[in-house]
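The following note sets out several points on the structure shown below. Please read them with the model in view.

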Amino acid sequence: MGNTQKSTKRLATARELQQIVAEFYLEGHEAKRTGKPVGWMPPMNGLIEIFYAMDLMPVFPENWSPVCAAFGLIDKNYQAAESMGFSPDLCGYLRNCVGYINGMMGTEGVPLGGLPEPDMIFMPGAGCVPTMKNFQYIARRFPGAKVFLGDPPPVPIQRYHIDYAVHEIKRIIAFLTEVTGRKMDYDRLGEVVRLSDQACALWDEITGYRRCIPTPISAAEVGLMFVMVTRQGTRTAVDYLARVRDEVKERAEKGAGIIAEEKVRLFWDNIPLWYNLGLFNYFEKYGGVVVAETYSAAWSIRLDVDNPLEALAMKSLMSYPMVSCVSMKRRKEMVLRACRDYHIDGVILHSNKSCLPITLGQMDIKRALHEELGVPSVVIEADHMDPANFSMAQFEARVDAFMEVLLQRKGSGRR
Ligand code: SF4
């Protein structure tokens with residue numbers, strides 16, 4: 001197995017995803033062609049629902065990075081970023097995005113046609129520093145785009161934070177009306193929020209089936225997350241996820257695991273290696289399946305459908321702390337809870353050179369896993385966006401030894 005590898009998907013519905021991805025990017029180019037305003041934004045902040053409700057086109061440059069990794073475009077983007085002085089030590093999403101918009105964007109032959117240029121840019125005033133810097137560079141690159149500067153509080157949620165966030169949501173709607181001339185239809189917004197919540201309920205149901213032994217779906221299908229990032233609030237997401245749920249449910253009811261004989265259940269902490277999702281299949285030769293991971297849990301926030309504005313305000317406050325800007329104590333609790341819920345035998349801690357916010361605290365998690373649950377863990381040094389920071393040989397050496405330990409423990413009746 002090389003440094004880059006696609007995963008083997010077992011779900012029939014997972015194979016439909018390619019079409020959904022292609023349609024999303026096609027829709028972006030169609031929007032540009034027909035004059036529908038395009039806005040670039042970070043994911044998961046309540047903006048996507050507002051965009052779909054106002055019939056505007058949302059674009060997620062951060063999400064474009066895994067697509068670039070899958071299409072093998074990242075080397076060129078990194079070179080472009082480096083030639084501008086961006087250090088290889090910075091987050092791969094930031095480097096890829098900056099390199100892309102200042103390099104191959106707009107050139108012939110970019111897969112899926114690349115990203116449509118923004119008419120509007122939503123700069124987050126919260127989240128990790130690379131995200132905020134990324135949008136500053138985007139705004140600099142497209143000086144003609146109208147910029148909205150968000151200012152959400154990255155703090156625990158009190159009533160006055162929610163009131164403030166509702167005010168911010170109204171400020172976004174007013175900005176969009178001023179820039180595009182389109183008014184918000186609040187009945188339509190209610191419908192979009194309902195669809196968004198339905199998608200989250202389906203996502204929770206699908207991930208819930210991973211508690212089954214054997215699991216009917218593994219991390220090798222993590223690409224499904226694309227609809228949660230780009231299509232929340234649409235019928236496309238709900239219909240697709242309902243099909244995935246039906247397939248997963250049927251497998252669970254039949255007791256059909258994702259591999260023939262599931263022996264070891266694993267948890268993956270931190271972002272997957274987008275250029276090598278095939279790693280999730282590597283464990284299978286030992287009967288190992290990655291049944292849960294930190295990242296996919298972060299894409300579902302249930303919404304109060306009777307109060308759409310407040311629901312989106314809550315989402316804007318809760319989304320970043322779901323994974324990257326969460327306290328170390330809460331992150332540790334999340335991993336420990338997942339290990340209990342999903343009957344985990346061992347944990348892979350991906351020490352991610354590209355993402356320090358999510359990597360921070362892993363040694364505390366490792367200790368807590370051992371002391372509180374007796375669950376062994378192994379640290380893998382890698383990078384979710386840059387294959388140059390990953391060694392397959394080192395991965396194999398560590399994982400082979402780790403899996404042998406886990407199999408011995410299982411053989412001796414220990415968890
Ligand atoms: S959370 Fe991590 S991966 Fe995401 S932008 Fe921030 S540093 Fe990069």
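1. Helices (H or I, at least four residues) and strands (E, at least two) are DSSP runs, numbered from the N terminus. By this reckoning the protein has 16 helices and eight strands. Its radius of gyration, taken over C-alpha atoms, is 21 Å, close to the 22 Å from the globule rule (2.2 Å times the number of residues to the power 0.38) for 415 residues, so the protein is as compact as a globular protein of that length.

2. The model is predicted: local features need pLDDT of at least 70 and side-chain atom pairs count only at pLDDT 80 or more, while totals for chains, interfaces and linings use all residues. Residues are numbered from 1 along each chain as its sequence is written.

3. Along its principal axes, the C-alpha trace spans about 70 × 50 × 40 Å. Of the 415 residues, 49% count as buried, that is, 20 or more other C-beta atoms, placed from the backbone, lie within 10 Å of the residue's own.

4. Two packed helices are described by the angle between their axes and the distance between the axes. For helix 8 (residues 186–208) and helix 10 (residues 235–254), the axes come within 9 Å and cross at roughly 20°. Axes are lines fitted to C-alpha atoms over the stretch in contact, with angles running from 0 to 180 degrees between N-to-C directions. Helix 8 and helix 10 are therefore roughly parallel (an angle under 35 degrees).

5. Which residues of helix 8 meet helix 10? Among them are Leu195, Leu202 and Trp203, and the helix 10 residues that take part include Val238 and Leu241. Contact here requires C-beta atoms, placed from the backbone, within 7 Å.

Technical notes: Angles under 35 degrees count as roughly parallel, over 145 as roughly antiparallel, 65 to 115 as roughly perpendicular and the rest as oblique. Two residues are in contact if their C-beta atoms, placed from the backbone, lie within 7 Å. A residue is buried if 20 or more other C-beta atoms lie within 10 Å of its own, exposed if 12 or fewer, and partly exposed in between; C-beta atoms are placed from the backbone.
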